[in-house]
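Here are a few exercises to work through with the model open beside you. Take them one at a time, and try each before reading its solution.

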Amino acid sequence: MIKFLLRGLLRDRHRSLLPFLVTLIGVMLTVVFHAWMTGVIGNSIEFSARFASGHVKVMTRAYSENAAQAPNDLALIGTDTLTAGLSERWPEMEFAGRIHFAGIIDAPDSLGETREQGPAMGFGIDLLSGNMAEAERMNIPSSLRSGRLPERKNEVLISRLFADKLGVVPGDVITLVGSSMYGELAMHNFTVSGTVDFGTTALDRGTVIADIGDVRDALNMEDAAGEILGFFRTGVYDAERASAICEEFNRAYNTPDDEFSPLMTSLSQDKTMGFLVEYSGKLQAILVALFIMAMSLILWNAGLLGGLRRYSEFGMRLAIGESKGHVYRTMMMESLLIGFFGSAAGVAFGMIISLFLQNHGIDLGVMMKNASVMMPSVFRAHITPATWYVGFIPGLISSQIGSMLSGIGIYKRQTAQLFKELEQ
Amino acid sequence: MLAFRLALRNLLGAGLRTWLNVIVLSFSFIIIIWTKGLLEGWDRQARNDMISWEVGGGQYWHSEYDPYDPFTLTDSHGQVPAGLEAGVTDGSLVPLLITQGSVYPRGMMHAVLIKGIPPQQKVIELPTAYLEAGEGDVCAIIGEAMAESTGLKEGDYVTVRWRDRNGTFDATEVKIAAVFKTTVPTVDVGQIWLPLDKLQEMMLMPGEATLLIRGPEAGPPPVADPWVFRDQDFLLSDIETIIKAKGSVGLIIWGILLMMAMLAVFDTQVLSIFRRQKEIGTYVALGMTKSQVVGLFTLEGAMNSVLAAIVGALYGIPLLLVQAVKGIKIPLSSSDFGIAMAERLYPVYSLWLIGGTVAIVLLVTTAVSYWPSRRIAKMSPTEALRGRVQ
Amino acid sequence: MKRVALIFLLTGCLSSLHAQYPDGKQLLDRIDRNMSSENRVFTSTMVINGRRATHTIKMKTWTAGEKKSFTEYLYPVREQGTKMLKLENQLWIYSPSTDRIIQIAGHMLRQSVMGSDLSYEDLMEDSRLTDRYSAVVTGTEEVNGRDCWVIDLKAFVPEITYQGMKLWVDRERNIPLREEMYAKSGTLLKRTELSDVERIGNRWYPRRILFRDMLKDGKGTEFIIEEIEFNVPIPDYIFSKASLKK
């Protein structure tokens, strides 16, 4: 029977092609909408995760209690082994140590004495290992305003406004005056390799980024880091998985009585971020639901009209002796076939587009003034398991309901009038 | 004109079918505006929260004040300039005195900003009334983030240490009278709020302030040299940049939504041409040129969206208006977040959004109607009259 | 009549009690004579009891009067050769690894030195008590087995770090064995315990001082004088920026 109907559909393209195309486009749009929405809503969380919180974060409890003040005397020790262990145990994640520090950046005059200085915040991240993951995460390459990324030891990036204030340009030497992990006075010379824009005044006014190895040298933090951040390789935060990983990690590594033993927390456990994760997730669900509703209505309408316009055909078939039930059933089966293949094709096309948007993203840099560390210009879609099936809701179910509704007319006595009217 | 009347009559004559299409299309309208409004509302929320919690209608800064350099706080305070005293008296200007200090909860030192604010102020949303509790205690309020990082709770006492204008250390116990919830970290993280007069007394700075916050609806700001007026644009420039960036993301979403509306029109239009070949043949036979027929069908399609806009307005305006005023409650599983005003999302529908959507959908539907109608031009009238499928 | 006599008797007793206390100012003067000097050269060790670990820093310091001081760090190795010069309220730091002389701005002087309970300002403050405080002896107490006068100090200059202090001064040696620094409100902020008092030349001097921030948990910072010489000639070039790089 299905074979027979299929053949009929394929031969009578007018009966099948348009509904198929409409379903295909509708489903495709739904899929792309879902993936893009998930992506961009997730992006704001992702930006914060990449910049500060990670998907998971390992710190000592003592450090985390006072994290805002970057208390490096309370930092994690033995981070190389720890990071290696983490990467081995959870290969789905990438781990990277970071050091936050505060201090004074001092620019010398020709005699090597203080010419200008200012308070600074600093980030020590992996820049020199040859793995660009951290630089990309912090969106540094596209935020570079002059010079280049650090390529040699003791090179540093400096926020553009700060560089202007200090009157330094790439190639100049600046000195960091800070305090080492053991509270000693720490002074270290860096060569400015480039300037970056952060996109928020607070950071633009006084921030430096250096390779974590150099920062360790500068602050006497050998094999130590303020925090180790973990990122899902998929690039997207998975709250459930993250909390499972945290639980397992803490069972294995954390000693509750020792405030210096490593403690892993997930992004959701950060109050602000947790709120944002849940809030934006819900908002996204509402928006996707609205879209599906609208698309369902359109495809339902398409199904309904598709059925209504075949009333004369049904009248004919009834006249030559087909039972009402049979006519109805074949009609349902036909619309089911169209709905299924239309949806399948829609999902396929939608996925191709979404995949492209996920992997390449769209660079909105032209529409924005400039990309900066805090505001990347490339936005990406994100495909979740739900992306695979959301399209079927309007594609299969609602067009089917439309057909079912229009098919009811077959059972009605006064159909003649109805299809006369519709025929006109 | 004839074509217009004919198109309208055709549409209305089609009865149920037209209304189905119109309702579906009107629904697309509403969804487009709604979705975009929600996204815009979400983007603006941070901006609005900053205005109501921190920025107000702009701020007057002491000439030395630099919020990004806490070391300037030592020098950035002074008497409220004469021209602004009236505003302070009538409450339209809220003076803030800011200084550095430390708090010592549980035997640990936390560097903080101490901010003094008049308890009776009504300009920003900080629950400053709690500062008045009294009974001999100096009352303070802190935000949730601060409460979490220091482990302080409502009702706790904590030692605050500061240095007065002479550099002399002073310390006192303050009672945490309230912990407030806010989405604006710049009034929360690393700071403690005290009654202004108390802080002035502590700092030996009677009548002095670091900055003044204006009420949002005040007129043009009076000049108050040497204090500097910072308007909302200045104070919100960071967030505006982010909103703009997000706006371009929204544009893509808007594009997808438009395509959805296109689909709705396209479907019905193709169907109608397919089903109405006899009619087309008749028009041509009666002497209408093919382009007139194409025009008629295009007009019908476009009219669909005009009707949809009208129908959409009928139920959409009240619906969207209620949303904009009351907001949408975002159902959060954990009441622990408890950020009361953030649970409600207030969509923002700009005139540009509504007008632009209607105009573009109209344009697009006209184009989409035109496209299948071109087939008419290729029809042979006799074949069409017979109703032959071509 | 009886009551009046009693009052007379009591007030008589009280005033005679007071009469046994030394004059506050004189006592401060005697302390200053022990504690401050025209100039001095000393080697000291600072033991910082951090939240996590204990760190030791060793340094040699030359001071002249209240305004000039020069410090060279001897230990740990990382710090070796780091030098600090303080003139008036300006501070320069030199580190050999960077070969830079950096001037520390005024507001930085209030930051804690190397994670200790002392600020740069605390370290530099060496002006005589009599220049800043008026004193009243309020009683006697025993500290570490030594009889002490208890003195309340009140600042008479406005620009001062601690408005009130309380000293426990060894009655025999005129050296404080305990100092408490108070906020204007009367809150106890810091306490120092001075011990290992030794005779050095013609004065008594504590070799060990323990500083504690009383608002904070922790074991405080210990300051140990290894060697000290008073009133030795110090060439003037020591207190110049040129000597930082030497």
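**Exercise 1.** Which side chain of chain A meets Asp66(B) in a salt bridge?

Keep in mind that this is a predicted model.

- Step 1: start with the interface. Chain B has 62 residues in contact with 56 residues of chain A.
- Step 2: look for salt bridges across the interface of chain B and chain A. The rule finds 1 there.
- Step 3: pick out the pair. Arg205(A) meets Asp66(B), with N and O 2.1 Å apart.

**Exercise 2.** Work out what area is buried between chain B and chain A, and how much of it carbon and sulfur atoms give. Then do the job again for chain C and chain A.

- Step 1: for chain B and chain A, the buried area is about 5600 Å². Carbon and sulfur atoms give 74% of that.
- Step 2: turn to chain C, where 23 residues touch 32 residues of chain A. About 2200 Å² is buried between these two chains, with 51% on carbon and sulfur atoms.
- Step 3: check the charged pairs too. The rule gives 4 salt bridges across the interface of chain C and chain A. Arg51(C) forms a salt bridge with Glu65(A), and their closest N and O atoms lie 3.6 Å apart.

**Exercise 3.** Describe the second largest pocket: how much space does it hold, and which element gives the most to its lining?

- Step 1: the volume comes to about 1400 Å³.
- Step 2: find the lining, which has 46 residues. Nearest the centre of the pocket are Glu46(A), Gly235(A), Val236(A), Tyr237(A) and His382(A).
- Step 3: go through the elements. Those giving two or more residues include β11 (227–232), α10 (239–253) and α13 (324–359) of chain A. The top contributor is α2(A), with 10 residues.
- Step 4: sort the lining by class, and you get 18 nonpolar, 18 polar and 10 charged residues.
- Step 5: bring in the domains. Domain 1 (2–46 + 275–423) and domain 2 (56–236) of chain A each supply at least three lining residues.

**Exercise 4.** Which chains supply the elements that line the second largest cavity?

- Step 1: count the cavities of 30 Å³ or more. There are 5 by this rule.
- Step 2: take the second largest cavity, with a volume of about 280 Å³. Its lining has 21 residues, and Pro19(A), Ala302(A), Gly303(A), Gly306(A) and Ser403(A) are the closest to its centre.
- Step 3: name the elements that give two or more residues. Chain A supplies α2, α11, α13 and α15 (392–407), and chain B supplies α7 (237–275).
- Step 4: split the lining by class, which yields 8 nonpolar, 8 polar and 5 charged residues.

Note on methods: Residues are numbered from 1 along each chain as its sequence is written. Chains are lettered from A and ligands numbered from 1 in the order in which they are written. This is a predicted model: local features need pLDDT of at least 70, side-chain atom pairs count only at pLDDT 80 or more; totals for chains, interfaces and linings use all residues. Side-chain values use heavy atoms; hydrogens and water are left out. On a 1 Å grid over the protein atoms alone, a cavity is a set of points where a 1.4 Å probe fits but cannot get out, and a pocket is an open set with protein on both sides within 12 Å along at least five of seven lines; lining residues have an atom within 4 Å of a point. Grid points are joined across faces, edges and corners, and a volume is the space filled by probe spheres set on the points. Helices (H or I, at least four residues) and strands (E, at least two) are DSSP runs, numbered from the N terminus. Ala, Val, Leu, Ile, Met, Phe, Trp, Tyr, Cys and Pro count as nonpolar, Asp, Glu, Lys and Arg as charged, and the others, Gly among them, as polar. Domain bounds come from an automatic or database domain assignment. Contact means heavy atoms within 4.5 Å. Buried area is the accessible area (1.4 Å probe) that two parts lose on being put together, summed over both.
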